[in-house]
Amino acid sequence: HTLHMACAPLLRLRSRGLGDSFPCGKNDDHELFLQKARAHAAGEGEPVSAAYSRAKADFLISLVADFKSGKISGAKMAAASDREAARMLESLKGIGNWSAGGVLMHFLQRANVMLYGDLTIRNYLNDLYEIGHLEESETLLQSQADFDDTAKNRNLIDALAEAKGWHPYRSVVCYLMYHLQEENLVLL
């Protein structure tokens, strides 16, 4: 499932030394790619590519190594509190606050995660509730310029969540912000 979400369209990367690429979009049959990748992992055959950049491939290799070594596991994250699971994820190469929050929301299905670092979320909350608007802004992009990701603004968002009664369900609010931002229909 994750393979088709992450794969890019069919590309040829042999010239970069990454091996042949295979179609791995969500509607493609992944059997050939998986067969060749498994063979290469077993020490046989040529390398294959799902059209990842070198940095993304290094990240994925590091992530697999962290799972194999036991540094992190689905069971450990599932048993951990939201904060503990986020710390585990953020200790891994290439994963920051936003990615950790996304994993908690989307894959661990935690109900009370706020993606403070997400500009869409901050801007939409700021526009709806005028939490951080300044009377005079140096830019026309008032939300982005005036409501950055700071401890003060995170506290303002948390206070708003408490006041509006959606604190235990902040993940749902994030989902709504993403899906309804252009419609301006959300009044939480």
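## Salt bridges, a helix crossing and a core

R170 pairs with D158 in a salt bridge whose closest N and O atoms are 2.9 Å apart. R170 sits in helix α10 and D158 in helix α9, so the bridge ties together parts that are twelve residues apart in sequence. (Helices here are DSSP runs of H or I with at least four residues, numbered from the N terminus.)

A quick word on ground rules: this is a predicted model, where local features need pLDDT of at least 70 and side-chain atom pairs count only at pLDDT 80 or more, while totals for chains, interfaces and linings use all residues. Residues are numbered from 1 along each chain as its sequence is written, and side-chain values use heavy atoms, with hydrogens and water left out.

Back to the charges. A salt bridge means a side-chain nitrogen of Lys or Arg within 4 Å of a carboxyl oxygen of Asp or Glu, and by that rule the count is three. Here they are:

| Salt bridge | Closest N to O |
|---|---|
| D82 and R110 | 2.5 Å |
| D149 and R154 | 2.7 Å |
| R170 and D158 | 2.9 Å |

With D82 in helix α5 and R110 in the loop between α6 and α7, that pair ties together parts that are 28 residues apart in sequence.

How exposed are these side chains? Buried means under 20% relative accessible area, exposed over 50%, and partly exposed in between, using a 1.4 Å probe and protein chains only. R170 is buried at 10%, and its partner D158 is partly exposed at 22%. Likewise, R110 is buried at 13%, while D82 is partly exposed at 27%. For the remaining bridge, D149 is partly exposed at 34% and R154 is partly exposed at 25%.

Now for α10 again, this time with α6. Helix α6 (residues 97-106) packs on helix α10 (residues 170-180) at about 105 degrees, with the axes 10 Å apart. That makes the two roughly perpendicular, a label covering 65 to 115 degrees. W98, M105 and H106 of α6 meet S171, C174, Y175 and Y178 of α10, where contact means heavy atoms within 4.5 Å. By class, five of the residues are nonpolar, two are polar and none is charged.

Finally, the largest nonpolar core (buried Ala, Val, Leu, Ile, Met, Phe, Trp, Tyr and Cys residues joined through side-chain atoms within 4.5 Å) has 27 residues, of which L89, M114, I121, L125, I157 and W166 touch the most other members. Helices α5 (82-90), α6, α7 (119-129), α9 (151-164) and α10 each supply at least two residues of this core.

Notes. Axes are lines fitted to C-alpha atoms, for helices over the stretch in contact, and angles run from 0 to 180 degrees between N-to-C directions. Angles under 35 degrees count as roughly parallel, over 145 as roughly antiparallel, 65 to 115 as roughly perpendicular and the rest as oblique. Ala, Val, Leu, Ile, Met, Phe, Trp, Tyr, Cys and Pro count as nonpolar, Asp, Glu, Lys and Arg as charged, and the others, Gly among them, as polar.
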